[in-house]
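Subject: Structure for you to look at

Hi,

Here is the structure I promised to send over. Have a look at it first, and then read on for my notes.

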Protein chains: 2
Amino acid sequence: MKYIDGGICAAKGFKASGTYCGIKKPAVENPNTTHKNDICLYVSDVLCNAAAVYTQNKVKGAPILVTKANLEKSGNKAIAVIANSKNANTCNADGVEKADKMCELVANELGIPKEQVIVASTGVIGQVLPIEPIVEAVPVLAKGLDYDKNLEAATAIMTTDTVKKEYAVEFEINGVTCKLGGMAKGSGMIHPNMATTLNFITSDCAVSGELLQKALSEIVKVTYNCLSIDGDTSTNDMVCLMANGLAGNDEIACEGEEYDIFKTALYEVMANLTRMLAKDGEGATKLLECICEGAATKDTAITVAKSVVCSSLFKAAMFGEDANWGRVLCAIGYADAEFDINKVSVDLKSDKGIISVCSNGAGIDFSEEEASVVLSADEIYILINLNDGDESATAWGCDLTYDYVKINGDYRT
Amino acid sequence: MKYIDGGICAAKGFKASGTYCGIKKPAVENPNTTHKNDICLYVSDVLCNAAAVYTQNKVKGAPILVTKANLEKSGNKAIAVIANSKNANTCNADGVEKADKMCELVANELGIPKEQVIVASTGVIGQVLPIEPIVEAVPVLAKGLDYDKNLEAATAIMTTDTVKKEYAVEFEINGVTCKLGGMAKGSGMIHPNMATTLNFITSDCAVSGELLQKALSEIVKVTYNCLSIDGDTSTNDMVCLMANGLAGNDEIACEGEEYDIFKTALYEVMANLTRMLAKDGEGATKLLECICEGAATKDTAITVAKSVVCSSLFKAAMFGEDANWGRVLCAIGYADAEFDINKVSVDLKSDKGIISVCSNGAGIDFSEEEASVVLSADEIYILINLNDGDESATAWGCDLTYDYVKINGDYRT
């Protein structure tokens with residue numbers, strides 16, 4: 001499994017493009033953005049098997065409803081994806097009509113059926129989406145499509161993100177080199193439930209539609225769904241995975257060694273994108289990675305690890321570089337899972353060292369000076385052992401800072 | 001139901017006292033506190049029926065364990081309560097021993113059985129509780145006990161609280177005047193689950209032990225359990241209610257009109273203390289009160305209202321006085337309850353006016369200027385109608401501010 005450049009264009013036969021159409025304020029007027037694009041398109045040279053997972057929020061963005069309907073109609077096949085930022089097209093009376101129009105514009109431009117187009121939007125909820133700029137942008141996007149324009153697309157989906165998020169890997173299936181890459185956006189309103197903020201993944205590996213969905217659903221559970229920036233599950237969360245088979249491997253149609261390799265590649269890309277999302281959480285200065293080991297079940301490990309990265313108090317303590325481990329124990333304690341709190345141990349670790357703060361559910365004497373050094377790093381690992389089994393899980397989050405409050409006290413204006 | 005002064009000393013036969021023993025840094029050294037006491041005692045002239053609810057966190061403070069054991073041993077009778085702030089006596093190897101010692105000191109001083117003493121602690125988790133200052137404080141506390149020293153006690157339980165919280169009411173049971181009052185502490189780590197931060201309630205009404213517990217459990221569900229400051233369920237949450245019967249009414253021993261009056265009094269006191277806790281949430285500048293009406297069930301109304309006051313994004317928007325109602329819809333949407341999102345309406349209200357922002361699940365045009373005026377108040381009401389039934393509930397919270405981050409980035413030092 002080797003890291004490669006190229007994001008969504010790493011896999012064979014995927015072209016992308018991005019442009020600025022005017023939904024988002026230009027970068028010069030908006031000090032929060034260093035990137036200019038606000039709409040992107042990406043297209044496979046051939047029809048793909050497609051899989052998707054969506055937000056479980058009852059309020060669903062119109063693009064979610066339209067994408068779901070399209071994939072049902074097309075039998076989970078897709079060829080193109082259009083996505084815009086700065087406007088979520090959610091809670092709008094004409095939302096579905098506009099999202100459908102976006103697919104239609106792409107379909108007409110590319111000469112493909114409308115139901116083979118996936119649409120996604122992210123941004124403010126409840127503001128009417130202006131369609132005119134998109135009508136003008138689609139031909140520009142289509143003209144700009146190229147095999148190396150992944151960055152144009154990755155920057156177009158950014159909202160309060162401060163960095164673009166891309167990751168891709170190369171792997172072998174029966175001697176055939178395959179690629180899988182993705183891009184993601186998101187910085188706030190991140191507490192995915194069965195899906196997450198916008199994530200787009202492409203592969204040239206040949207995989208059956210059924211296994212594609214199965215792999216995505218499994219991996220999303222241990223990657224995006226283990227991420228929380230602020231406990232708010234977005235209305236527009238979506239992960240969409242397209243595989244066009246252009247690598248030339250025999251289609252993976254049943255579980256086994258090849259499927260496991262594909263799943264590992266998918267995990268590698270999704271876990272790394274998840275990590276990037278956590279690290280670029282709104283206002284964040286530190287990545288928090290909580291690894292829960294020694295759990296009786298996988299679900300217990302996930303629940304405990306997530307509970308810790310979701311704790312506002314612990315997140316604020318990490319911002320203050322304060323080894324307030326009682327808040328870790330508190331968050332473990334209210335996690336909705338079964339284990340014996342008196343067996344729990346906790347270590348805090350970074351590239352600057354490691355300190356043990358709790359053993360058998362009670363505090364251990366430690367040097368506050370050493371703790372300060374460990375916590376001065378910008379990536380902090382919270383290592384929990386429940387000493388109750390062999391399962392483990394990782395959850396990702398970030399610290400809670402003044403800037404989170406600042407960004408969200410004044411997001412719309 | 002009439003408001004009266006006196007807090008825990010409002011009811012007949014309850015004496016209180018408070019002092020500074022040195023667990024907490026003196027006020028002069030600690031700019032976060034304007035109050036000096038760190039330990040208090042209150043005592044009833046006669047034995048009381050007692051009821052309590054405790055945190056559901058698996059990590060339970062030692063005082064919780066000892067109080068629970070005492071009430072079991074005494075058959076839910078109690079006469080005295082000792083409580084300290086600044087140290088939670090939680091996750092300490094010698095915690096139970098020390099909490100038990102606190103009860104023993106009070107019992108010896110007052111000449112009562114140890115199991116009739118309730119003990120509570122609040123403050124930092126995982127720091128060894130120094131017992132020597134408490135040994136010296138108990139005789140001082142006993143000597144200072146008086147029928148008008150409720151304020152000495154109410155300030156002794158404060159941690160990051162900026163104001164003391166007391167409330168009491170007067171009511172009639174069959175022509176007999178009864179009183180019920182309480183005090184509470186808490187400002188952070190507040191997201192009660194079946195109980196909450198420390199809350200002490202006293203009454204001179206005669207009520208059977210069974211009905212006392214029933215009333216407490218019912219009312220806690222719609223008051224403290226509908227409160228969230230930061231989503232963190234504390235390890236030391238406890239509400240304890242004592243009734244000594246000195247008002248002289250015939251004991252309320254079965255459900256009916258008298259029981260309902262008592263419950264209303266209990267609701268009045270607990271709801272007002274809850275409101276005070278929310279308003280004094282760590283770093284808060286605004287009280288948020290979310291009223292969900294038109295729900296098919298009470299639980300749905302509670303779940304929806306709580307989801308909104310728990311949303312970090314909405315809380316930050318309120319700090320910024322930004323009518324970002326999409327975040328209200330988003331939080332309603334991820335509430336774990338059954339209703340039709342397309343029927344939901346939302347108004348934002350304060351003493352400066354009211355604006356409708358959402359109807360039938362979609363946005364309504366409103367004046368941003370008017371919205372700014374409404375949201376400039378320091379008590380904001382979020383009115384939700386699910387248009388799906390007749391049940392309603394209220395949840396309380398506060399805005400998310402720079403100061404919350406500041407306080408919690410540097411709490412231990």
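**How the two chains meet**

Of all residues in chain B, B:Y402 comes closest to the rotation axis, with its C-alpha at 2.5 Å. The contact surface is shared by both copies: 100% of the contact residues of chain B recur in chain A (contact means heavy atoms within 4.5 Å). Before going further, please note that this is a predicted model, in which local features need pLDDT of at least 70 and side-chain atom pairs count only at pLDDT 80 or more, while totals for chains, interfaces and linings use all residues. Residues are numbered from 1 along each chain as its sequence is written, chains are lettered from A and ligands numbered from 1 in the order in which they are written, and side-chain values use heavy atoms, with hydrogens and water left out.

A turn of 180 degrees and a shift of 0.0 Å along the axis lay chain B on chain A with an RMSD of 0.0 Å (superposed by least squares on the C-alpha atoms of residues with pLDDT of at least 70 in both). That is the relation of a two-fold axis.

How many residues are in contact? On chain B there are 52, touching 52 of chain A. The area buried between the chains is about 4,200 Å², and carbon and sulfur atoms give 58% of that (buried area is the accessible area, with a 1.4 Å probe, that two parts lose on being put together, summed over both). Between the chains, 16 residue pairs are in polar contact, both at pLDDT 80 or more (a pair of N or O atoms within 3.5 Å; within protein, one must be able to donate a hydrogen and the other to accept it, and residues adjacent in sequence count only if both atoms are side-chain atoms). On the side of chain B that touches chain A, α11(B) gives the most, with six residues (helices, H or I, are DSSP runs of at least four residues and strands, E, of at least two, numbered from the N terminus).

**Salt bridges**

The rule finds zero salt bridges across the interface, yet 32 over all chains (a side-chain nitrogen of Lys or Arg within 4 Å of a carboxyl oxygen of Asp or Glu).

- A:K263 and A:E218 form one at 2.4 Å, N to O. The pair links distant parts of the chain, with A:K263 in helix α6 and A:E218 in helix α5 of chain A, 45 residues apart. A:K263 is buried at 18% relative accessible area, whereas A:E218 is partly exposed at 31% (buried is under 20%, exposed over 50%, partly exposed in between; 1.4 Å probe, protein chains only). Both belong to a salt-bridge network that also includes A:K214 and A:E255.
- B:E289 pairs with B:R275, their closest N and O atoms being 2.9 Å apart. B:E289 lies in strand β10 and B:R275 in helix α6 of chain B, so the pair ties together parts 14 residues apart in sequence.

**A buried threonine**

B:T90 sits in the loop between β4 and α2 of chain B. This residue is buried, with a relative accessible area of 0%. Its side chain makes a polar contact with that of B:N236 at 2.7 Å. Beyond its neighbours within four places in sequence, B:T90 is in contact with residues including B:V59, B:K60, B:I125 and B:T235.

Best wishes
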